[in-house]
Amino acid sequence: MMHLDPLTRRQLARFRSTKRGWYSALILVLLIASTAVTELLVNNRALVVNYQGEWHFPTYADFKPGSTFGLDYAYETNYRELQASLAQSGDGFVIMPPVPFSPYEINSYDGLFAPHPPSAAQQHYLGTDTAGRDVLARLAYGFRIAIWFSLVLLVATFVVGIAVGCAMGYYGGVTDLIGQRVIEVWSNVPMLYIIIIIASVITPDFWILMGLLFVFGWMGMTWYMRTATYREAARDYVLAAKSLGASDSRIIFRHILPNTLSLIVTFIPFAVTGGIGSLTSLDYLGYGLPPPTPSWGELLKQGTDNLDSAWIVTSVVTALVGLLVMVTFVGEAIRDAFDPKQHTTYE
């Protein structure tokens, strides 16, 4: 069993006492965990098929032709139709996910042109987009892409930004001067123009966009860490550690970084929301992930271009605002719980 020190237990207790941050964190953890099993929740493949006594689990299996279940075609089975067919024949049953549509599946209905409004009878709970694809399915898969894009970008930019900022602030001198000049020059390169040029030459994917935003995104944290490290390096506890012969790495990792933790956690929510906002903005402008990749930005573009189909823009704006607000609440709660300046007394 893991034992936490008293300081950590107090910090966790303070975090839980901030109710909106605590409940937002629980919801976010559940949402992020659900991205690992999105196919079990939103998919046009059945979870379970029992046909003539044989069991099939198509969700993570290779595609199964309709002939496997006695249908007269060799392409992939339409499990919604199979569900209705087996219910009538009594040869078995089909269990579908709660949202039985793929984010790429185009749905058409006699006499109705896409987009289709929300309909519980057709199981399009948030309607369809202009191509007839289920909005809820594209929101779910778009969330998985956006949140993991933002989290990976957060880790990459913070690791590099904190490392470079600490080196500049701690060592100073030539290291600091060279670092400042490099950052000043690089920060003046227009990121959007670079992305437009690259997108005109190649089709950007997840990792290309990640690399581009990382190359231009690490500098913001560097400035803050440089200032914080420069200030902490002049404190008496750092001078005492140096006089006792502590190594530079020990001073940075055991003394300076813990005392800049409040600064780091303060910027975490802004970095997460910034990553989501950047990807959404690029997708909205048409320079992000290629179609038909599920994307909140692409849905937002559809919604603003088709305001008469209000369910599209309402769904994506509600999801985007709700996610960003929850991330902000969590960041505030973490900052309040782990900031030593708010919970330190002097006698």
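P292 sits in the loop that runs between α12 (261-285) and α13 (296-305). In this predicted model, the peptide bond leading into P292 from P291 is cis, with omega near 10°. A cis bond also joins A114 and P115, and two non-glycine residues, Q52 and Q123, have positive phi values.

**Cis peptide bonds**

- The bond from P291 to P292 links two prolines in the cis form, and its omega is near 10°.
- P292 itself belongs to the loop between α12 (261-285) and α13 (296-305).
- Between A114 and P115 the peptide bond is cis, with omega at about 0°.
- P115 lies in the loop that connects β3 (92-95) with α5 (135-171).

**Positive phi outside glycine**

- Q52 has a phi near 50°, which is positive although the residue is not glycine.
- The loop between β1 (48-51) and β2 (54-56) holds Q52.
- Because its relative accessibility is 54%, over the 50% cut-off, Q52 counts as exposed.
- For Q123, also a residue other than glycine, phi is positive and near 65°.
- Q123 is placed in the loop between β3 and α5.
- The relative accessible area of Q123 is 29%, between the 20% and 50% limits, so this residue is partly exposed.

**The loop between β3 and α5**

- This loop contains P115, the residue joined to A114 by a cis bond.
- Q123, with its positive phi near 65°, is found in the loop between β3 and α5 as well.

Technical notes:
Residues are numbered from 1 along each chain as its sequence is written. This is a predicted model: local features need pLDDT of at least 70, side-chain atom pairs count only at pLDDT 80 or more; totals for chains, interfaces and linings use all residues. Side-chain values use heavy atoms; hydrogens and water are left out. Helices (H or I, at least four residues) and strands (E, at least two) are DSSP runs, numbered from the N terminus. Buried means under 20% relative accessible area, exposed over 50%, partly exposed in between (1.4 Å probe, protein chains only).
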